[in-house]
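Please walk me through this protein in the viewer, one selection after another. I would like to know what to click on and what is there.

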Amino acid sequence: MTPYKHIVKYYECDRMGITHHSNYVRFMEEARIDWMDQLGYGFERMEAEGVVSPVMEIECSYKHPTTFKDSIEITVEIEEISTLKISFRYTMRVGETVICTAKSKHCFLENGKPVALAQRFPDFYKVITQKS
């Protein structure tokens, strides 16, 4: 999988010129959406088939600050997957320097109720489990 790249925008920085910590959660979502697109099973397709995956938990460990115009490369990997939940691991780098490591956990819902992904959407489950 090709890592996702995000260029820090001026408006993403605080008064000190540092990327505001809240933006890293957005960067994680951008990278996860790109990862799904690269699998050939983007969010549009997943949602068209009736499944959504809301965030249950977020964890971030900030290592080094970033600033305006820094190019952040984000790798996404599956940390854990079950039929009802998936956890992703993110590594964010500027060059060789790790600037943030993070995790997100998601569940799978259909019509607001938990859904067993392997049974209800076996093709999607097969695609994502091949990447874990």
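The tour below starts with the sheet, moves to the helix on it, and then visits salt bridges and a surface patch.

**Stop 1: the sheet**

Keep in mind throughout that this is a predicted model. Switch to cartoon view and find the 5 strands of the open sheet. Going across, their order is S1-S3-S4-S5-S2, with antiparallel pairing. Strands of a sheet pair through backbone hydrogen bonds, in either a parallel or an antiparallel way.

Now select residues 4-7, strand S1, and residues 55-62, strand S2. These two stand at the edges. Each has a single partner strand, so one side of each lacks a neighbour in the sheet. Turn the view to look along the sheet: from one strand to the next, the twist averages 25°.

**Stop 2: from S1 into the hairpin**

Start at the S1 edge. S1 and S3 run antiparallel and are joined by 4 bridges. Click lysine 5; its bridge partner in S3 is glutamate 73. Stay on glutamate 73 and look to the other side of the pairing list: arginine 93 in S4 stands opposite glutamate 73.

Next, select residues 71-81 for strand S3 and residues 85-94 for strand S4. The two pair in the antiparallel sense over 8 bridges. Together they form a hairpin, with 3 residues between the strands. For another bridge in this pair, pick glutamate 80, whose partner in S4 is serine 87.

**Stop 3: the helix on the sheet**

Select residues 23-39, helix H1. H1 packs on the sheet and touches S1, S2, S3, S4 and strand S5 (97-107). The direction of H1 makes about 70° with that of S3.

Within H1, select arginine 32. Is arginine 32 buried or exposed? Arginine 32 counts as buried, because its relative accessibility is 6% and the cut-off for buried is under 20%. Show its surroundings. Leaving out residues up to four places away in sequence, arginine 32 touches Phe43, Val55, Val76, Phe88, Tyr90, Ser104 and His106.

**Stop 4: a salt bridge from helix to loop**

The structure holds 9 salt bridges. Begin with arginine 26 and glutamate 12, whose side chains meet at 3.5 Å, N to O. This pair links distant parts of the chain. Arginine 26 is in helix H1, while glutamate 12 is in the loop between S1 and H1, 14 residues apart.

Colour by accessibility and the two partners part ways. Glutamate 12 is buried, with a relative accessible area of 1%. Arginine 26 counts as partly exposed, at 36%.

**Stop 5: arginine 45 and glutamate 49**

Select arginine 45 and glutamate 49. They form a salt bridge, with the closest N and O atoms 3.5 Å apart. Glutamate 49 is partly exposed, with a relative accessible area of 31%. Arginine 45 is partly exposed too, at 39%.

**Stop 6: arginine 89 and its network**

Return to the hairpin and click arginine 89, in strand S4. Which residue forms a salt bridge with arginine 89? The partner is glutamate 79, and the closest N and O atoms are 3.6 Å apart. Glutamate 79 lies in strand S3, so the pair ties together parts that are 10 residues apart in sequence. Arginine 89 is partly exposed, at 30% relative accessibility. Glutamate 79 is partly exposed as well, with a relative accessible area of 34%.

Widen the selection to Glu77, Glu79, Arg89 and Lys103: salt bridges link them in a network. Then show what arginine 89 contacts. Not counting residues up to four places away in sequence, arginine 89 touches Thr75, Val76, Glu77, Ile78, Glu79 and Ala102.

Try a distance label here. The C-alpha atoms of arginine 89 and aspartate 37 are separated by 17 Å, and the two residues are 52 apart along the chain.

**Stop 7: a nonpolar surface patch**

Finish on the surface view. Select Val25, Val55 and Ile58, which form a nonpolar patch there. Together they have about 210 Å² of accessible area. Isoleucine 58 lies in strand S2 and, at 38% relative accessibility, counts as partly exposed. Val55 also appeared at an earlier stop, among the residues touched by arginine 32.

Conventions: Residues are numbered from 1 along each chain as its sequence is written. This is a predicted model: local features need pLDDT of at least 70, side-chain atom pairs count only at pLDDT 80 or more; totals for chains, interfaces and linings use all residues. Side-chain values use heavy atoms; hydrogens and water are left out. Two strands pair if DSSP finds at least two bridges between them. Axes are lines fitted to C-alpha atoms, for helices over the stretch in contact, and angles run from 0 to 180 degrees between N-to-C directions. Contact means heavy atoms within 4.5 Å. A salt bridge is a side-chain nitrogen of Lys or Arg within 4 Å of a carboxyl oxygen of Asp or Glu. Buried means under 20% relative accessible area, exposed over 50%, partly exposed in between (1.4 Å probe, protein chains only). Patches are made of residues with over 30% relative accessible area and no salt bridge: like charges are joined within 9 Å, nonpolar side chains (Val, Leu, Ile, Met, Phe, Trp, Tyr) within 5 Å. Accessible areas come from the Shrake-Rupley method with a 1.4 Å probe; for residues, only the protein chains shown count as cover.
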